[in-house]
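Q: Please take a close look at a single part of this model, the one that holds its pocket and its cavity. I should like to know how its residues are placed, and how this part fits beside the rest.

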Amino acid sequence: MPQFDFANVFWSQLFWLAITFSILYFGVVKLTLPKLGRVMEDRETKVTGDLDQAEEAKASADALEEAHVATLNKARDTARGSVAEAKAEAAKAIDKKVKAADKRAEAKLTKAQAAIDTARNKALGQIEAVAAENASEIVTKLTGAKPSAATVKKAAKAALAG
Amino acid sequence: MAGPMEQFELETIHPIEAGGFDLSFTNSSLWMLIALGVISLFLFVGTARPQLVPGRMQAAVEYLYDFVRKMLDENVGPEGRRFAPLIFSVFIFVLACNLLGMVPWVGSFTPTSHIAVTLGLAIIVFAIVCIVGFARHGLKFFTLFWPAGSGVLLGSFVFVIEFLSFLSRPFTLAIRLFANMTAGHVLLKVFGTFVVGLGSFGALPYVFGILPLAVNVALTGLEVLIAVVQAYVFALLASLYLNDAINLH
């Protein structure tokens with residue numbers, strides 16, 4: 001194998017490897033790759049920056065939506081509250097009116113009852129008087145003697161009550 | 001016909017001697033320079049005007065660079081990124097040498113099929129691992145070889161084994177790459193010899209050469225794959241060794 005002919009192949013190849021590799025590392029790679037590395041890092045920062053921005057925008061959009069939903073819910077609650085209030089008020093007013101009407105009707109009823117009672121009593125009193133008069137006349141016609149007014153009245157009352 | 005080992009022969013193009021050492025410019029040196037030229041072209045064109053939205057060449061360079069950076073992120077952690085240019089250099093140099101060696105041309109040569117080259121690369125990696133390890137941890141770097149929570153006797157035993165295995169790392173790294181490249185090229189050459197030998201069979205020319213040719217086509221595909229995989233393995237092991245030096249497990 002020519003590779004193991006160290007006396008002839010070793011030093012010259014090591015020497016030229018050292019030269020070419022030094023030129024490659026210091027003259028080519030060190031000059032070019034850092035430039036590229038910077039660009040790649042710039043790109044990375046830009047991409048992550050854009051992503052961050054997008055995330056921020058999304059977060060603010062989410063916050064806006066949340067606020068919107070909250071406002072909507074609040075408005076709905078308020079509306080519901082005022083509806084309930086109005087309903088309660090209306091019920092109260094109706095109750096009040098009904099009560100007033102009841103009172104009025106009752107008053108009218110009592111008054112009417114009283115009038116009826118008075119009229120009845122009056123009528124009853126007149127009937128008594130007429131009955132007593134009639135009875136007195138009848139007794140006079142039958143017996144010829146005129147009974148005393150008090151007796152007639154008492155008898156009439158008793159008869160009417162019985 | 002050339003033997004299967006002849007492709008690894010060094011041919012001196014311009015003899016140089018310094019201090020008793022033979023430092024001649026050979027075909028190996030030439031192909032290392034060609035690899036350097038191809039890589040330089042690739043990198044300079046790819047990063048001429050780096051833009052936020054990359055063009056084709058930039059995207060290609062970025063893909064490879066990102067590949068190395070991800071490998072370091074996974075195997076070393078955030079501190080590994082500092083070594084991305086080094087690992088990238090090792091990776092792309094091995095990759096370029098391996099792939100250029102696959103060019104089907106009589107003058108083509110694979111520098112990474114020579115243990116001198118692979119050992120040189122492995123020693124670069126090993127030296128940097130040692131420098132980083134001692135610079136960061138001082139003598140505590142030796143705790144890398146001590147198994148945590150074991151007794152003195154077992155511990156020292158394991159220490160010796162671990163230390164020897166650490167010292168053998170540059171050699172295993174070098175031999176793995178060299179052996180893979182050499183074996184692949186020998187295999188290709190052997191089947192190439194079969195194509196010529198069987199194809200020139202007197203009574204039925206060409207017919208018997210078809211089978212080894214088909215095998216050679218398949219082997220070429222396999223060898224391209226191995227060229228890429230071995231470059232990856234070399235860079236991966238280098239980053240794993242670097243991880244030991246930086247994080248002590």
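A: A residue counts as buried when its relative accessible area is under 20%, as exposed when that area is over 50%, and as partly exposed in between. The model is a predicted one. By this cut-off Asn98(B) is buried, because its relative accessible area is 0%. Asn98(B) belongs to helix H3 of chain B, and chain B is the part described here.

The fold of chain B contains seven helices and four strands. In sequence order the elements run β-β-β-β-α-α-α-α-α-α-α, so the four strands precede the seven helices. Along the principal axes, the C-alpha atoms of chain B occupy a box of roughly 75 × 55 × 45 Å. Of the 249 residues in chain B, 45% are buried.

Asn98(B) illustrates how positions that are separated in sequence can be brought together in space. Val228(B) is 130 residues away from Asn98(B) along the sequence, yet the two C-alpha atoms are 7.5 Å apart. Helix H4 of chain B offers a second case with Ile115(B). The relative accessible area of Ile115(B) is 10%, and Ile115(B) is therefore buried. Ala174(B) lies 59 residues from Ile115(B) in sequence, with a C-alpha to C-alpha distance of 6.4 Å.

Helices H3 and H4 also appear in the account of the cavity. The structure holds one cavity of 30 Å³ or more, and the volume of the largest cavity is about 30 Å³. The residues that line the largest cavity are Leu86(B), Ile87(B), Val125(B), Ile128(B), Val129(B), Ala238(B) and Leu242(B). Two or more of the lining residues come from each of helix H3 (84-100), helix H4 (115-137) and H7 of chain B. H4(B) gives the largest share, with three residues.

The pocket is a separate feature to follow. The volume of the largest pocket is about 830 Å³. Its lining comprises 31 residues, and those nearest the centre are Gln7(B), Trp105(B), Val106(B), Ser108(B) and Lys189(B). Three helices of chain B, namely H1 (27-46), H6 (169-199) and H7 (210-247), each contribute at least two residues to the lining of this pocket. H6(B) provides the largest share, which amounts to six residues. Helix H7 of chain B thus takes part in the lining of the pocket and also in that of the cavity.

Two further positions show the other classes of accessibility. Val38(B) is located in helix H1 of chain B. With a relative accessibility of 41%, Val38(B) is classed as partly exposed, because this value falls between the two cut-offs. From Val38(B) to Gln7(B) the distance is 22 Å between C-alpha atoms, for a separation of 31 residues along the chain. Tyr206(B) sits in the loop between H6 and H7 of chain B. Its relative accessible area is 67%, so Tyr206(B) is exposed. The C-alpha atoms of Tyr206(B) and Lys70(B) are 49 Å apart, and 136 residues separate the two along the chain.

Chain A supplies the setting for this part. Its secondary structure consists of two helices and zero strands. Chain A is more spread out than a compact globule, because its radius of gyration of 63 Å is well over the 15 Å that the globule rule gives for 162 residues. The box filled by the C-alpha atoms of chain A, along the principal axes, is roughly 195 × 30 × 15 Å. In chain A, buried residues account for 15% of the 162 residues. The accessible surface of chain A is about 12400 Å², and carbon and sulfur atoms contribute 63% of this area. Chain A carries 25 positive and 21 negative side chains, with 21 Å between the centres of the two sets.

How values were computed. Residues are numbered from 1 along each chain as its sequence is written. Chains are lettered from A and ligands numbered from 1 in the order in which they are written. This is a predicted model: local features need pLDDT of at least 70, side-chain atom pairs count only at pLDDT 80 or more; totals for chains, interfaces and linings use all residues. Side-chain values use heavy atoms; hydrogens and water are left out. The radius of gyration is taken over C-alpha atoms; the globule rule is 2.2 Å times the number of residues to the power 0.38. Buried means under 20% relative accessible area, exposed over 50%, partly exposed in between (1.4 Å probe, protein chains only). Accessible areas come from the Shrake-Rupley method with a 1.4 Å probe; for residues, only the protein chains shown count as cover. Lys and Arg count as positive and Asp and Glu as negative; His and the chain ends are not counted. The place of a charge is taken as NZ of Lys, CZ of Arg, CG of Asp or CD of Glu. On a 1 Å grid over the protein atoms alone, a cavity is a set of points where a 1.4 Å probe fits but cannot get out, and a pocket is an open set with protein on both sides within 12 Å along at least five of seven lines; lining residues have an atom within 4 Å of a point. Grid points are joined across faces, edges and corners, and a volume is the space filled by probe spheres set on the points.
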